[in-house]
Amino acid sequence: MDKRCSCGHQMELKLSTVVFKKNAEIENVPVLICDTCNHSEIFPPVKPCLVSLLGRLKALLPEKIHLRFDERNEIARIIQLQQKQEAGVEGVRRLIEERINELLDMLLLARSLEDQEWVDDIQQKLVQLTDKTLAAVIISFSRNRINR
């Protein structure tokens with residue numbers, strides 16, 4: 001999937017810091033950025049998760065808040081790992097597989113402890129990673145190298 005900006009140029013997937021209401025900083029948010037006209041938009045697959053997080057943060061403001069989105073969203077986590085390891089397409093596939101296996105192991109433990117909240121959290125993370133369309137999008141962007 002190649003994303004073009006309204007100006008016609010290619011957009012790049014980058015991890016960026018999003019500032020919300022001047023007091024909340026959220027690091028490592030996947031953002032599509034056009035280097036030509038500086039237009040940016042939140043990476044569509046992570047937008048619902050970010051909107052949900054921002055809704056929960058409203059209750060905490062005006063406290064100063066600093067969060068890492070890659071600790072709350074599996075897609076952001078994979079992109080961040082891909083960037084660190086400079087993984088290509090096969091590397092991204094491997095990262096996704098490894099994370100799914102890790103989450104499945106945690107799911108077994110959570111179920112054995114009968115911790116339903118933890119089970120629900122892990123299941124939500126697995127859904128984020130097992131969406132084949134989403135995996136294809138990440139792999140496509142990794143071909144063009146994800147930047148920071």
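**Entry 1: α3, length and burial**

I began with the span of α3. At 1.5 Å a residue, its 24 residues should cover 34 Å, and I find the end C-alpha atoms 35 Å apart, which agrees. The model is a predicted one, and I keep that in mind throughout.

Next I asked which residues of α3 are buried. I list Val89, Gly91, Val92, Leu95, Ile96, Arg99, Ile100, Leu103, Leu107 and Ala110. Arg99 is on that list of buried residues, and I watch for it below.

I also checked what follows the helix. Just after α3, Glu114 has a positive phi of about 55°.

**Entry 2: α3 against α4**

Helix α4 covers residues 116-130. I looked up how α3 packs on α4: the angle is about 160° and the axes lie 9 Å apart. Angles over 145 degrees count as roughly antiparallel, so I enter α3 and α4 as roughly antiparallel to each other. Their crossing is left-handed.

Then I went through the contact. From α3 I note Ile96, Arg99, Ile100, Leu103, Leu104, Met106, Leu107, Leu109, Ala110 and Arg111. They meet Trp118, Val119, Ile122, Gln123, Lys125, Leu126, Leu129 and Thr130 of α4. I sorted this contact by class: 13 nonpolar, 2 polar and 3 charged residues.

**Entry 3: α3 against α2**

Helix α2 runs over residues 74-85, and α3 over residues 89-112. Their axes come within 10 Å and cross at roughly 130°. I therefore record α2 and α3 as oblique to each other. The crossing is right-handed.

Which residues make the contact? On α2 I find Glu74, Arg77, Ile78, Leu81, Gln82 and Gln85. On α3 I find Val92, Arg94, Leu95, Ile96, Arg99 and Leu103. The classes are 6 nonpolar, 2 polar and 4 charged.

I cross-checked the α3 residues. Ile96, Arg99 and Leu103 touch α2, and these three also appear in the contact with α4. Ile96, Arg99 and Leu103 are buried too.

**Entry 4: α2 against α4**

I closed with the remaining pair. The axes of α2 and α4 come within 8 Å and cross at roughly 60°. I therefore mark α2 and α4 as oblique to each other. Glu74, Ile75 and Ile78 of α2 contact Lys125, Gln128 and Leu129 of α4. By class I count 3 nonpolar, 1 polar and 2 charged residues.

Some names recur here. Glu74 and Ile78 of α2 also contact α3. Lys125 and Leu129 of α4 also meet α3.

How values were computed:
Residues numbered from 1 in each chain as written. Predicted model: local features only at pLDDT ≥ 70, side-chain atom pairs only at ≥ 80, totals over all residues. Heavy atoms only, no water. Axes fitted to C-alpha atoms, helices over the stretch in contact; angles between N-to-C directions. Helix = DSSP H or I, 4+ residues; strand = E, 2+ residues; numbered from the N terminus. Parallel < 35°, antiparallel > 145°, perpendicular 65-115°, else oblique. Left-handed = near helix turned anticlockwise from the far one by under 90°. Contact = heavy atoms within 4.5 Å. Nonpolar A, V, L, I, M, F, W, Y, C, P; charged D, E, K, R; others polar. Expected span 1.5 Å × (residues − 1). Buried < 20%, exposed > 50% of the residue type's maximum accessible area, 1.4 Å probe, protein only.
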